[in-house]
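Here is a request for a careful reading, in question and answer form, of how two chains meet and how their elements are arranged.

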Amino acid sequence: MSLGLSNALNSSRLSLFSQQDNINLIGNNVANVNTPGYSRQVGVIETTDPLATRPGMMGTGVVTSRILSMYDRFIGMQLSLEQSNVGQWSARGTALLDLERTFNEAGDYGLQPVMGEFWNSWEDLANNPEGIAQRVSLVQSGQVLTANINSMYDDLTTQKRLIGQRVESLVDRANEMTGQIAELNQRISENELKEYDANDLRDRRNLLLEELSEYVDINYFENELYQMTVLSSNGKSLVQGNMSYDLSVDYDDDLNVAVSWSNDDTPMNDFVNGGSLRGLLDAELDVNAAMDDMSELSAALIFNVNRLHSQGYGLDGTTEELFFEHDIVLETAALNEGDGVLEIDVMEGLNGIGWDTLANYDDFEIRFTADYPAGTATGNEFVIVNTSSGDAITADSFTDDAVNNRILLEFNGGYHVQIRYGSGTAPRSGDLFSLSFRENAAPTMAVNEALEDPAKVAAAGDLLGLPGDNGTALTIGQLQHQLTMSNKASTFGEFYSSVVGRIGSLARTASSNEDHAALMVEELNLKQESVSGVSIDEEMTNLIRFQQAYSASARIITAVDELMQIVTQMV
Amino acid sequence: MRTTNNQMFLSVQSRIARVEEQRAKYLAQIASGNRVSTPSDDPVGITKVMSFAAEDVRITQYGRNMTEASTWLTATDQVVTDGVDILMRAKTLLISTENAALSQANRDAIAEEMQGLLDNLLALGNTNNAGSYIFGGHRTRTVPYRLLDGVHGTVLAGDDGRRNIELAPNQLLMINTIGGGSNIDGREIDGLFKQDKTNEADARDLYALFSRAIAELRAGDNGDYRASTAVDTPVSRNLVSGDLSFTITAGDGSGAVEVSISDNPLYAVPEAVVDLSGATVTDEADAGQLAAATNAWAINSKMDFEIDVTGSLAADDRVSAFLRAEVDGTMIRDPGADVTLAAGALQINHVDIGPISLRDVGTTAVPPDPDPDIAAANVREIATRINEQSGETGVWATYTGSGTDYRLVLTSLEADGEEVSVTVDNAATRNYTGLGAGGGTWSGTTLADPSTVADPDTLTAGDLVINGVDIIDPDGTGATLTLADWATADVESLANVQALAAKINAVTDRTGVQASYTRNAANDYKLVLSGSADIEIALDTTPDTASLTGLSAGTQNPTLPPGAWTTVYHPGGRQEDSASPGTWNYDALNAAAPGSEDFTVYDANNGAVTLAAETGFVVTEGVSGALAETLGLGINDGADTWAAVSVSSGRQEEIQRYLDHFGAVEATVGARMNYVDRTTATYEDRSINLKAFVSDIKEVDITQAIMNYNSVDQAYQATLAASARIFSTSILDYLS
């Protein structure tokens, strides 16, 4: 048996449809040539099932069976990885730029020259220890120095707050995206389970995954339902099927950002390994380190200058006067069983003797190791620990003042520390009190107001030397050469320039890492583009191809038509 | 590989962007001139830039330090150079006096020129550099040298404080001149114009040398001049543990200086710096505290009294004291309202003390309550005004008292107690300042004949006659003297003995006898009589009188045997050995334990100072003589003359010694100036180098940057051209 003319007519008809489908696809491809995330679509052309005829199997035509989306999933994965690197380093780099601006010593204005002026003012005073003008100018340069340090620290606080705000908006956006991915999962699954390729939806999902990985480093894979499962690097699901799980942002006691997985409040800070979120968290650590450095520098400045100044003598014979003042942070642990409250005041007779125990401006803790028996205490119920060095220290005197419900500790020449408690609620074992000289040193340091009377600025090291003795002014001026910082390894200036250098090299590393990752992203984008991008030349060529095939099929129909007429005329 | 349109766009875009970024970077470098504008541009470089820049800032400061050092050293150098000229001229003048034929007129002319040279010398010693006296040690605001009189040279108000400046990190240079280069070892406080005082014979200064030479020239004493020593300048010695315990108490009203350990502190301590009452020195720590306290007090009261302690006091540490004589103490009153005493209202020694502002202290009846702070401020204000003029008046003021009740104490800087004249313009001023118009002079007594004064009664005319003068009723007016019963009160026995002494002293001009007293124990006082010759005492026959006055009838010779005498000090702390009058022996007193009879009175008439248990420093072995000297209580009475020296040999030799001394100082100062100049030059070079280093790191090489820019710019153009070519053809062009 042989196939009839109608078969030829039919196969040409199928050809016309198939060529038309492909021309439609070309039209869609050309139309989407500039659509971000669009993957070129290609029709899969197949022959229809043949019929058995006498000569053999005879083709019955053509059909466009599927539409393929040209997207390389592996390049896509690589791209996600590099996107998250770009995100990480660009976020950190931007924050470091701010930090760098705070510490910009490359210009003509920075803290270094201000410190220099401060030391110079002491030397000017040493040159004219009788001078009032020199004292006034010294106090002023001290005020400039403290104002600079205060404002640098304020800058850092602001930057830290901004980082927090950026983390919040970033997490909001990421949550929004995981929500969208979950929704797309649902629609893709519905379509593809019915054997429809949901190419455009997949393109959108890929785009979202790409953007999300710029924010947070993620792993993702497609399950048997064509749904994309998105996991954080510690395996917490961000998207599971058509469900998404949010991240949430909170702040800890030190106002540090704390990101957590809202499903069970798992802390995520340490498990975010890439993306802008990591970059911002790192940037916050950078800012914290800079704040710590400023605190250390300020505390050391205050301590060293005060120690010498309080032993010197002003023009009017005053002594034991502090040069700098700052807030001391006192904390009573929230879990304490007793109701003791820590108080501190600067003792009269600050003469330099006690400077080496409590007043070396570290952080200290008073820990009770036993219940405090008010009235019969021995002073062995608690230990005082320098938390910076870990050493235990001893107060120079301990008074168990049960009448006034207080524990009084004196540190020679330095400070009175007392713990006041209510009747019968003396500190219990395990109670903890802490005091920090360092914590608020940078934001609160200021020149002692008493020195507004310039005669109280001490230049003389000896009461008998007034007014011509310049011993104290000289030794304070020489502090700039002393190894006062980093466990007596560097001077103030060296310490500060190492801080600036470190921030500079961090910023440099961030920017070169960002450049590198951006280059990689670009390469991968080009690769992906090479697979999924639309080439107009190609489309046009294909258009001509399908156009010709279309014309040819039409011609065949005409020919068959003529044949049919011949047949009918035969009748 | 497939190439798609977007791929081409993307790669062209990123290529152009990259080239543009480079272009912008070089453009910014050229525009700003800086290669490094943020720390990240060159993190290593920036730390170097910072340290170089910091060093440059320091060097700028060292430059200022150097200028300061230079002005001091130049000023010192000028003084030394001028001083050498003056000394050379003086030497020439003195050599010219060797001519025996020189007339007195010529000698007067030479004396006149010497006087001029002396004035020049004094001005040199008081050279002031930008408000600081360069020879004052640490006391840079006090005129260091002040002429005392023609014999005693100068008072040096300065100390041996060093003025250091920093020339390099941790490297100090001393820029002032204390002492000198010649004899530093063993030298005490010592300026350019003071010579080594450790050797007693040389305890004189350049001004004294000149003064004496002038006096000798005027006196016409040709070639045989007597040199007397001057020891009324502050001197020092080592105090050791247990040396002294003292407080300083008010004058007893007779105008005499008393130094006693009674319970009444003389000087209330201003601003409660320290209370000296009852202070006892028993060990080094005490001595240190006392010295520090005394200094604090001395500085606050602006009184010229100090004890110097160097470092922490050990057994051999140096302590010196400098005490002036007091002449007057008066009450200060509350002005009742804020007042300003006009200029001219108060004059001391004919010097106008100027306007004095006083504030209302308040009253108890009406609020505000009396404010002790204001009262203290008032008396301090008066004292301060007076002290500001002390250079002219020769009078220092300090004050005593507490609460709202103060006494002003005027202190003569002249150790031999010249009269202080006080002029006040009206009663108000007198009340407020507590000073009455008029003057105060010194008086005092010496000698002793201790006797016990017995229980009191009333003495009448004839009961006590000394050298023929009736002490109780000298003018026949029927005066009597009633003595209080002191059975219970020690104060009354004190009042009794004071009254007796006052009676005797009232007629001193007739009897030639002065009386004083000493305290043995509670209710046990001893009357002390002194006179130039034998003292004849007549008592009436009533035994009571003898026991009441503690005197017995008879003739007493002041030259009493050893033991009966109290110790008499002559100026300079020398002690006349009572066993061999006329010889000076430092150790006679020291050999004997100080008895409670020992007694201290200062007498301007014969320049004697006596120390006693109650009224002086408690003196233990080995220190008493030197202590008076330490306190500057001794003055030169002219009695202790020394071997005659001639102008031609002695004075010239001394001047030569000063010339050597000046030469040594000049060499030292010159060496320091060279050092400063050299360091300055080094720093100038270093500063230029530093700037170059900073510029190397921080600034851009413009040529290099322009070349970079050009090559990047070319690449940019090429990229654009190539890109245009890529886009120029498309299959669309060929489809019709």
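Q: How much area is buried between chain B and chain A?
A: Carbon and sulfur atoms give 53% of the area buried between chain B and chain A, where buried area is the accessible area (1.4 Å probe) that two parts lose on being put together, summed over both. Arg2(B), Met50(B) and His138(B) supply 15% of what chain B buries against chain A, more than any other three residues. The model is a predicted one, in which local features need pLDDT of at least 70 and side-chain atom pairs count only at pLDDT 80 or more, while totals for chains, interfaces and linings use all residues, and side-chain values use heavy atoms, with hydrogens and water left out. The area buried between the two chains is about 4,700 Å².

Q: Which helix of chain B gives the largest share of the side that touches chain A?
A: Residues are numbered from 1 along each chain as its sequence is written, and chains are lettered from A in the order in which they are written. With contact taken as heavy atoms within 4.5 Å, 57 residues of chain B are in contact with 58 residues of chain A. The elements that each supply at least two residues of this side of chain B include helix 1 (5-32) and helix 5 (284-301), helices and strands being DSSP runs numbered from the N terminus (H or I, at least four residues; E, at least two). The largest share, 13 residues, comes from helix 2 of chain B.

Q: How many salt bridges are counted between chain B and chain A?
A: A salt bridge is a side-chain nitrogen of Lys or Arg within 4 Å of a carboxyl oxygen of Asp or Glu. Between the chains, the side chains of Asp124(A) and Arg64(B) meet in such a bridge at 2.9 Å, N to O. Over all chains the search finds 28 salt bridges, whereas the count between chain B and chain A is three.

Q: Which strands stand at the edges of the sheet with the order 9-10-11 in chain A?
A: This is an open sheet of three strands with antiparallel pairing, where two strands pair if DSSP finds at least two bridges between them. Strand 10 (residues 257-261) is joined to strand 11 by two bridges, and Ser260(A) has Pro267(A) as its bridge partner in strand 11 of chain A. Helix 4 (residues 133-193) of chain A packs on the sheet, touching strand 9 and strand 10, and its direction makes about 165° with that of strand 9, the axes being lines fitted to C-alpha atoms, for helices over the stretch in contact, with angles from 0 to 180 degrees between N-to-C directions. One side of each edge strand is left without a neighbour in the sheet because each has a single partner strand, and these are strand 9 (247-251) and strand 11 (266-267) of chain A.

Q: Which residue stands opposite Glu365(A) in strand 17 of chain A?
A: Five strands of chain A form an open antiparallel sheet in the order 14-22-16-17-18. Within chain A, strand 16 (residues 363-368) and strand 17 (residues 382-386) pair over five bridges in the antiparallel sense. Opposite Glu365(A) stands Val385(A).

Q: Which residue takes a positive phi in the hairpin of strand 5 and strand 6 of chain A?
A: Strand 5 (residues 218-222) and strand 6 (residues 228-232) of chain A run antiparallel and are joined by five bridges, with Phe221(A) opposite Thr229(A). Five residues lie between the strands of this hairpin, and the positive phi, near 65°, belongs to Tyr226(A).
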